[in-house]
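Here is my note on the model, in numbered points. Keep the structure open beside you as you read.

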Amino acid sequence: MKKRSENELLRLHRIILTDDTNIPNSTVEILKADTRSFFDNHFRLDEDSFKMNITVAENGSYEVEVSFRAKDMYDIKVIK
Amino acid sequence: MGKSIVVTSGKGGVGKTTVTANLGIALAWRGRKVVLVEGDIGLNNLDVCMHIEDKVLYDIGDVVKNKCTINQSLVPFCDNLFVLPATSMTSTLVSTLQFIEIVDKLKDAFEYVIIDCPAGIEDSFHRAIKGADEAILVTTPHIASIRDAYKVSRVLSSYRLEKQGLIVNRMQGANVLDRTMLSAKEITNALQLELYGVIPEGNDVNLFSVITELKPNSPVTFSYNLIAEYLDGGAKKIYDYTAEYKGLFNKLLRKLRQ
């Protein structure tokens, strides 16, 4: 049976709405990716060793813990 | 100074690499100096898509290792169009900072730097989008692809990459008229993005077909030329992918085929 596009459109809007409510999780993922890429610029990271935990303390301040293992540290070079 | 545009989608297999290649060709046909950058380091396809895999001597990995200059690593495709390949197996070879530096240097020499972004929203995706001034999102008219494009659009906005345009690929006009496929307008409204253009599903398009291989009057070639014209500061014209299926005769023909 063919799927009518009207139903598909309703389904799409529902999915997008649900995704929107999950955006806070994506924000943490972006923070992690950003932080990882910062260290990635200077270290040859050991695959899968990068960990980052973000928690909120009772006084409302953020506690961020970052840990990783690196195989090497890059020299700072200028691209020719 | 040129501008850098990342072609992204979220979902794999929607035609990012093909769109990157064909937009580059269409802009080069207009006389613009263009370079395509393989952003999918480790799982590169741009070289294969453009049939230049045998011409690659150096790649982006050699540039960061100072084995060659950026100019030495560029592979010519046609007049005004070059490709910076990434044939290295290791994605982590090129850091985000190095990638941004390379793109910035290319912007000094080229009018358009088009980055082919990897699928997904993992580390290599973040590296690719950080080199870009603006983004083109590619989606097919299927829900999974549209949803991923939406998510990617939100991530791009988090990076304050606000100039985002949409290309809907593989549209089938007959199915849209029969209401069995979402229209480009419906997709654009759902994603709340500016529609740059529509690429029709072409019978003459095989996997990784570039428009240099198609007939000059192919609807696919025509629609890429329209998008390139708009990107290049011309008027916006969207290809009417339903035109050839409209009319009583075509409607009867579609009914007979069902």
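1. A salt bridge is counted where a side-chain nitrogen of Lys or Arg lies within 4 Å of a carboxyl oxygen of Asp or Glu. B:Asp232 and B:Arg30 fit that rule: their side chains meet in a salt bridge at 3.1 Å, N to O. The partners come from distant parts of the chain, 202 residues apart. B:Asp232 sits in the loop between helix H10 (219–231) and helix H11 (248–257) of chain B. B:Arg30 sits in the loop between helix H1 (16–29) and strand E2 (34–38) of chain B. Bear in mind throughout that this is a predicted model.

2. Are these two partners buried or exposed? B:Asp232 has a relative accessible area of 15%, so it counts as buried, the cut-off being under 20%. B:Arg30 is partly exposed, at 40% relative accessibility.

3. The pair belongs to a wider group. B:Arg30, B:Arg32, B:Glu111 and B:Asp232 are linked in a network of salt bridges. Over all chains, the structure holds 15 salt bridges.

4. Look next at B:Lys3 and B:Glu134. They form a salt bridge, and their closest N and O atoms are 3.6 Å apart. This pair also links distant parts of the chain, with the two positions 131 residues apart. B:Lys3 lies in strand E1 (residues 3–8) of chain B, and B:Glu134 lies in strand E6 of chain B. B:Lys3 is partly exposed, with a relative accessible area of 25%. B:Glu134 has 8% relative accessibility and counts as buried.

5. Which residue does B:Lys236 meet in a salt bridge? The partner is B:Glu194, at 2.9 Å from N to O. B:Lys236 is in the loop between H10 and H11 of chain B, while B:Glu194 is in strand E8 of chain B. The two are 42 residues apart, and the pair again links distant parts of the chain. B:Lys236 is partly exposed, with a relative accessible area of 36%. B:Glu194 is partly exposed too, with a relative accessible area of 28%.

6. Now the strands of chain B. Strand E7 (residues 164–171) is mostly covered, with seven of its eight residues buried. Strand E6 (residues 134–139) runs parallel to E7(B), and five bridges join them. One position to find is B:Ile136, which stands opposite B:Gly165 in E7(B).

7. E7(B) also pairs with strand E8 (residues 194–200) of chain B. Five bridges join these strands, and they run parallel. B:Leu166 has B:Leu195 in E8(B) as its bridge partner.

8. How do E6(B) and E7(B) connect along the chain? Follow helix H7 (residues 143–158) of chain B: E6(B), this helix and E7(B) make a right-handed β-α-β unit.

9. B:Thr20 deserves a stop. It is placed in helix H1 of chain B. Its relative accessible area is 0%, so B:Thr20 counts as buried. Which residues is B:Thr20 in contact with, leaving aside its neighbours within four places in sequence? They are B:Val7, B:Leu36, B:Leu46, B:Ile114 and B:Asp116.

10. Turn to chain A. Its secondary structure comes to two helices and four strands. From the N terminus on, the elements run α-α-β-β-β-β. Of the 80 residues of chain A, 26% count as buried. The accessible surface of chain A comes to about 6,000 Å², and carbon and sulfur atoms hold 55% of that. Take the contacts in chain A between residues at least 6 apart in sequence: 37% of them join residues at least 24 apart.

11. Last, the interface. The size of an interface is often given as the accessible area lost when the parts come together. Between chain B and chain A, the buried area is about 3,000 Å². Carbon and sulfur atoms give 57% of this area. In residues, 34 of chain B are in contact with 29 of chain A.

12. How many salt bridges does the rule find across the interface of chain B and chain A? The count is three. A salt bridge also joins the side chains of A:Glu6 and B:Arg179, at 3.2 Å from N to O.

Technical notes
Residues numbered from 1 in each chain as written. Chains lettered and ligands numbered in written order. Predicted model: local features only at pLDDT ≥ 70, side-chain atom pairs only at ≥ 80, totals over all residues. Heavy atoms only, no water. Buried < 20%, exposed > 50% of the residue type's maximum accessible area, 1.4 Å probe, protein only. Pairing = 2+ DSSP bridges. Right-handed = clockwise from strand over helix to strand, strands pointing away. Contact = heavy atoms within 4.5 Å. Areas by Shrake-Rupley, 256 points an atom, 1.4 Å probe, with all protein chains shown as cover. Buried area = accessible area lost by both parts, 1.4 Å probe.
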